[in-house]
Amino acid sequence: MKNAIEKASDIIRERATFGTYNNQYCVLAQEDMDGQLTAAVITPAKSEGIKWITFCTGLDSNKAKRIARDNRAAVCFDSDSYSITLQGRLEILTDAESKHAHWYDGMGGHYSGPDDPEYCVLKFHTEKYRLFVDWEETVGTL
């Protein structure tokens, strides 16, 4: 039988499918430029379970700009049957290998392609987690 971390990892991997899952969105919370908390809905691109999750955005986006001020963030995946909340840190990836590896068709409406200089990948690294899966809560650190 799978434990809560394995179940949560499966859920995140399923949701981080390059925009192909019906409800692929999650919530990304950061501190804004005025030091206030803000949250945005975003599509996860890839993940390694709860360990890390990537998102695609632009270097000029508010999400990317906030990282320079404070790279702390929280990510939440939620449904009627689970709530997965992760706390950690974000980094901006601009190398060609990362940009090509995370590119998916849905990004074509925003950027000219994976080599677009404005396009970047945000990588979230989990440090703490609170998982509520199958009516059981698990809290911990990585």
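User: The charged end of which residue sits over the ring of W52?
Analyst: The model is predicted: local features need pLDDT of at least 70, side-chain atom pairs count only at pLDDT 80 or more, and totals for chains, interfaces and linings use all residues. Residues are numbered from 1 along each chain as its sequence is written, and side-chain values use heavy atoms, with hydrogens and water left out. A charge sits over a ring if NZ of Lys or CZ of Arg is within 6 Å of the ring centre and within 35 degrees of the ring normal. Here the charged end lies 4.5 Å from the centre of the W52 ring, and it belongs to K123.

User: Which residue of strand 7 is the bridge partner of T54?
Analyst: Strands (E, at least two residues) and helices (H or I, at least four) are DSSP runs numbered from the N terminus. Two strands pair if DSSP finds at least two bridges between them. Strand 4 (residues 52-58) and strand 7 pair in the antiparallel sense over seven bridges. In strand 7, T54 is partnered by K123.

User: Over how many bridges do strand 6 and strand 7 pair?
Analyst: One facing couple is L90 and F124, the latter in strand 7. The two strands pair in the antiparallel sense, and the bridge count is 12.

User: Which residue in the turn between strand 7 and strand 8 has a positive phi of about 55°?
Analyst: Strand 7 and strand 8 run antiparallel, joined by six bridges. V133 stands opposite E136 in strand 8. The two strands form a hairpin with two residues between them. The turn residue with that phi is not a glycine; it is D134.

User: Is W135 buried or exposed?
Analyst: W135 is in the loop between strand 7 and strand 8. W135 also has a positive phi, about 65°, without being a glycine. Buried means under 20% relative accessible area, exposed over 50%, and partly exposed in between (1.4 Å probe, protein chains only). D134 is partly exposed at 44%; W135, at 70%, is exposed.

User: Why is the pair of W103 and Y119 called edge-to-face?
Analyst: The structure holds three aromatic pairs. Rings of Phe, Tyr and Trp (its six-membered ring) pair if their centres lie within 6.5 Å; planes under 30 degrees apart count as stacked, over 60 as edge-to-face and the rest as tilted. The W103 and Y119 rings have centres 5.1 Å apart, and the pair is edge-to-face because their planes stand at 85°.

User: How many residues apart in sequence are the parts that the pair of W103 and Y119 ties together?
Analyst: W103 lies in the loop between helix 3 (96-102) and strand 7 (119-133). Y119 lies in strand 7, so the pair ties together parts whose separation in sequence is 16 residues.

User: Which residue joins W103 and Y119 in one aromatic cluster?
Analyst: Y119 is buried, at 0% relative accessibility. Its ring has a second partner, with centres 5.7 Å apart and planes at 50°, so that pair is tilted. The partner is buried too, with a relative accessible area of 14%. The residue that completes the cluster is Y111.

User: How far apart in space are G113 and T126, C-alpha to C-alpha?
Analyst: G113 lies in the loop between helix 3 and strand 7. At 9% relative accessibility, G113 counts as buried. G113 and T126 are 13 residues apart in sequence, and their C-alpha separation is 28 Å.

User: Which residue of strand 2 stands opposite L28?
Analyst: Strand 1 (residues 26-31) and strand 2 (residues 37-42) pair in the antiparallel sense over six bridges. They form a hairpin with five residues between them, and G35 in the turn has a positive phi of about 85°. Opposite L28 stands A40.

User: In strand 5, which residue is the bridge partner of A29?
Analyst: Strand 1 also pairs with strand 5 (residues 72-78), in the antiparallel sense over three bridges. The partner of A29 is A74.

User: What is the volume of the largest pocket?
Analyst: On a 1 Å grid over the protein atoms alone, a pocket is an open set of points where a 1.4 Å probe fits, with protein on both sides within 12 Å along at least five of seven lines; lining residues have an atom within 4 Å of a point. Points are joined across faces, edges and corners, and a volume is the space filled by probe spheres set on them. For the largest pocket the value is about 250 Å³.

User: How many residues of the lining of the largest pocket are charged?
Analyst: Of the 13 lining residues, the closest to the centre are R72, A73, A74, Q87 and G88. Strand 1, strand 5, strand 6 (82-93) and strand 7 each supply at least two residues. Ala, Val, Leu, Ile, Met, Phe, Trp, Tyr, Cys and Pro count as nonpolar, Asp, Glu, Lys and Arg as charged, and the others, Gly among them, as polar. The lining has four nonpolar and three polar residues, and the charged ones number six.
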